[in-house]
Amino acid sequence: MAKQRFTACKADPCLFISKKVICICYVDDCLWFAKKSKDIDDVLQSFKDDGDKYNWEMKEGISVEEFLGIKIDPTGDGGYKLTQTGLIKKILSATGMLDCSPVIAPTATTGPLGPDPHEKEVQLQEL
């Protein structure tokens, strides 16, 4: 990365920054960000040019959503909504809960809860 003029971030050693391109690495996978796609193309070409020397293997064209397993949708107010439906489905499948009825809260959400009618009265002892 130093040859391509990237500097590792002190706060996160998986984040590499150059003048025009940002790279985030996770194990042996990387995400590339830049204002102009040509800047990313130039960096990737420099890795391809060094391919035989460093044995780089590259796959291009995967989206950030596919890489992270997170769907990213703009909210319209300048923010983003992140959802992981793929992971949620895997967890529900692994726990045998795919066909469960979804409920926002498993109890009534209005009014006070009140006492438990099945609770036994317990006397506290003084020490």
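Cys100 is partly exposed in this predicted model, with a relative accessible area of 42%. Cys30 is likewise classed as partly exposed, at 31% relative accessibility. A disulfide is a covalent bond between the sulfur atoms of two cysteines. Where a pair of cysteine sulfur atoms must lie within 2.5 Å to qualify, the number of disulfides in the structure is zero.

**Overall architecture**

The protein chain contains four helices and six strands. Read from the N terminus, its elements follow the order β-β-β-β-α-α-α-β-β-α. Of the 127 residues in the protein chain, 13% are buried.

**Salt bridges**

Side chains of opposite charge can pair when their charged atoms come close. Over the whole structure, two salt bridges are found. Lys38 and Asp42 form a salt bridge through their side chains, with an N to O distance of 3.0 Å. These two residues belong to helix H1, which covers residues 37–49. Because Lys38 and Asp42 are four residues apart in that helix, about one helical turn separates them. Lys38 is exposed, with 53% relative accessibility, whereas Asp42 is partly exposed at 41%.

A salt bridge also links Lys71 and Asp73, whose closest N and O atoms are 3.8 Å apart. Lys71 is partly exposed, its relative accessibility being 43%. Asp73 is partly exposed as well, with a value of 29%.

The table lists the residues of these pairs with their accessibility.

| Residue | Relative accessibility | Class |
|---|---|---|
| Lys38 | 53% | exposed |
| Asp42 | 41% | partly exposed |
| Lys71 | 43% | partly exposed |
| Asp73 | 29% | partly exposed |

The classes follow from the cut-offs: exposed requires over 50% relative accessible area, and buried requires under 20%. Lys38, at 53%, therefore counts as exposed. Asp73, at 29%, falls between the two limits and so counts as partly exposed.

**Surface patches**

Two kinds of surface patch are described here, one charged and one nonpolar. The patch of positive charge on the surface brings together Arg5, Lys19, Lys20 and Lys36. Among them, Lys20 lies in the loop between strand E2 (15–17) and strand E3 (21–26). Lys20 counts as exposed, with a relative accessibility of 56%. Patch membership requires over 30% relative accessible area and no salt bridge, and the 56% of Lys20 therefore satisfies the area limit.

The nonpolar patch on the surface is formed by Ile17, Ile22, Ile24 and Phe33. Together these residues present about 290 Å² of accessible area. Ile17, one of the members of this patch, is located in strand E2. With a relative accessible area of 38%, Ile17 is partly exposed. That value of 38% is over the 30% that a patch residue needs, so Ile17 meets the area limit for the nonpolar patch.

Note on methods:
Residues are numbered from 1 along each chain as its sequence is written. This is a predicted model: local features need pLDDT of at least 70, side-chain atom pairs count only at pLDDT 80 or more; totals for chains, interfaces and linings use all residues. Side-chain values use heavy atoms; hydrogens and water are left out. Buried means under 20% relative accessible area, exposed over 50%, partly exposed in between (1.4 Å probe, protein chains only). Patches are made of residues with over 30% relative accessible area and no salt bridge: like charges are joined within 9 Å, nonpolar side chains (Val, Leu, Ile, Met, Phe, Trp, Tyr) within 5 Å. Accessible areas come from the Shrake-Rupley method with a 1.4 Å probe; for residues, only the protein chains shown count as cover. A salt bridge is a side-chain nitrogen of Lys or Arg within 4 Å of a carboxyl oxygen of Asp or Glu. Lys and Arg count as positive and Asp and Glu as negative; His and the chain ends are not counted. The place of a charge is taken as NZ of Lys, CZ of Arg, CG of Asp or CD of Glu.
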